[in-house]
Amino acid sequence: MKYDLCVIGLGYIGLPTASIFATRGKKVFGVDVQKNVVDTINKGKIHIVEPDLDVLVRAAVQSGNLVAGLDPVPADTFIIAVPTPFKVTAENPRTPDLAYVETAARKIAPHVRAGNLVVLESTSPVGTTEKVREWILDEWKSLASGSASATNSARLSEDWIAKVQFAYCPERVLPGQILHELVSNDRIAGGLTPEAATAASDLYKCFCNSEIFLTNAATAEMAKLTENSFRDVNIAFANELSIICDRLKINVWELIRLANRHPRVKILQPGPGVGGHCIAVDPWFIVDSAPKEARLIRTAREVNDSKPHYVVHKIQDRAERFKSPVIACLGLAFKADIDDLRESPSVEIVHDLATKKIGKLLVVEPYVKKLPAALASFENLQLTDLPGALAAADIVVVLVNHREFSRVDRKLLSEKIVIDTRGIWS
Ligand code: SAJ
């Protein structure tokens, strides 16, 4: 079988992308290092939670256009969509860890040919697309040195690598709306050369209904980081305002509502902190690249990261007046109406309260059936339903603005201390 595309990494971005290409007629080979993920996908099923993704993947696999495996195969285009977490180093505890991208680049190297396009989609520090090119060339060199094959020797030439196109094309989709946003969001195609940018743009036109803007790879890499940093800085502004307003005894929700009536002001919403895998991570990639210059971006991260501790202190302060307080904690997810608890400030807050043994904790999270591992072993904490928690609680803390919570009858709260970090009842 000759494949149009080989997609490395079948997670939140790689799987929807591979599937949508497959349903648009491309022959796609998806690669993942986890055997259970590969087996699940080959059965037409999914291993992640995302609305309607199951239908798309089933259609892609049943059409015969999407096949998954553990190792890359030759294709016209390679897309790398693997994670880019942090690693702790002596200089910086949040150094971007490019190990997965490097492994992916080295694994596709034996299959990459002149005329191919290699696209990086993983959120990456500026300069990573250039590194992908270097890793592939480096791999070619070691392949050639250990082989008498004419093809491998030919690959040593700069001429060959010059005929491979490299581009950075970030996704900008919102978890929970991935399938819709994949098709309707504008995209950026940043090439190491103008030809590479054009080739990448032509590729995504296959399913992208919006505009695709061409630029160089470094600008595209920085654009992705900038978008999430912009949001982080603006959320930090709202979070700082909420703390200032507590001190000045002003209702921050009313304040923001009123300030936003100005035609050029659009303040975001305060919360218990910033969670998820993107906004709380990506700004640090900019700080790592320009530590002296990225002062505001770093401070915003610090403001948002400190917000959960502020919330815990506030609860602790209110709990002091009770001998054995019962505290209802509403929500564990990192944002409204999803089941994703990873990197959630709400989990951090509940964990901190449980560790400090501040009282009996009644946790309500309608999107999960059991507590996450981080909270499972505490004796002073239990997962319960909303009516039960509200009836028993002395203190009610809103941590997530799930729709279900905003419908609560306020009369049930009249005798309680309420700490509403999301402003749903204000
Ligand atoms: N949050 C607030 N106040 C707000 C808005 C959000 O406290 O006014 C909090 C949320 O509760 C959550 C966190 O911020 O804890 C992040 O939520 P989000 O909905 O803003 O973003 P994500 O992480 O789900 O997705 C973001 C998106 N980026 C932008 O909106 C600029 C998405 O488009 C990106 O594709 C995604 O990051 C990513 O993968 O980079």
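Which residue has a polar side-chain atom 2.6 Å from an oxygen atom of the ligand? Select Arg231: one of its polar side-chain atoms lies at that distance, 2.6 Å, from a ligand oxygen.

Before going on, note that this is a predicted model, in which local features need pLDDT of at least 70, side-chain atom pairs count only at pLDDT 80 or more, and totals for chains, interfaces and linings use all residues. Residues are numbered from 1 along each chain as its sequence is written, and side-chain values use heavy atoms, with hydrogens and water left out.

**Stop 1: the ligand**

Stay on the ligand and show its surroundings. There are 20 residues around it, counted when a heavy atom lies within 4 Å. Val173, Lys224, Asn228, Arg231 and Lys335 come nearest. Now pick Lys224: a polar atom of its side chain sits 2.6 Å from a ligand oxygen. Next pick Asn228, where a side-chain N or O atom is 2.6 Å from an oxygen atom of the ligand.

**Stop 2: Asn304**

Select Asn304 in helix H13, residues 295–319. Helices here are DSSP runs of H or I with at least four residues, strands are E runs of at least two, and both are numbered from the N terminus. Is Asn304 buried or exposed? Asn304 has a relative accessible area of 1%, so it counts as buried. The cut-offs are under 20% for buried and over 50% for exposed, with partly exposed in between (1.4 Å probe, protein chains only).

Draw the distance from Asn304 to Asp232: their side chains make a polar contact of 2.8 Å. A polar contact is a pair of N or O atoms within 3.5 Å; within protein, one must be able to donate a hydrogen and the other to accept it, and residues adjacent in sequence count only if both atoms are side-chain atoms. Then show Ala236, whose backbone nitrogen lies 3.4 Å from a polar side-chain atom of Asn304. Leaving aside neighbours within four places in sequence, the contacts of Asn304 (heavy atoms within 4.5 Å) include Ile235, Asn239, Gly273 and Val274.

**Stop 3: strand S11**

Select residues 326–330, strand S11. Five of its five residues are buried. Turn the strand over: Val326, Ala328 and Leu330 are buried on one side, Ile327 and Cys329 on the other.

Add S12, residues 360–364, which runs parallel to S11 and is joined to it by five bridges. Ile327 has Leu361 as its bridge partner there. Now add helix H14, residues 345–355: S11, H14 and S12 make a right-handed β-α-β unit. Right-handed means that, with the strands pointing away from the viewer, the path from the first strand over the helix to the second runs clockwise.

Then show S14, residues 395–398, parallel to S11 and joined to it by four bridges. Leu330 stands opposite Val398.

**Stop 4: the eight-stranded sheet**

Which order do the strands of the open sheet follow? The order is S3-S2-S1-S4-S7-S8-S9-S10, with mixed pairing; two strands pair if DSSP finds at least two bridges between them. The edge strands are S3 (66–69) and S10 (212–216), each pairing on one side only.

Zoom in on S1 (residues 3–8) and S4 (residues 75–80), which pair in the parallel sense over five bridges. Leu5 has Thr77 as its bridge partner in S4.

**Last stop: Leu248**

Select Leu248 in helix H10, residues 217–248. Its relative accessibility is 53%, so Leu248 counts as exposed. Finish with Met1: its C-alpha atom is 68 Å from that of Leu248, 247 residues apart along the chain.
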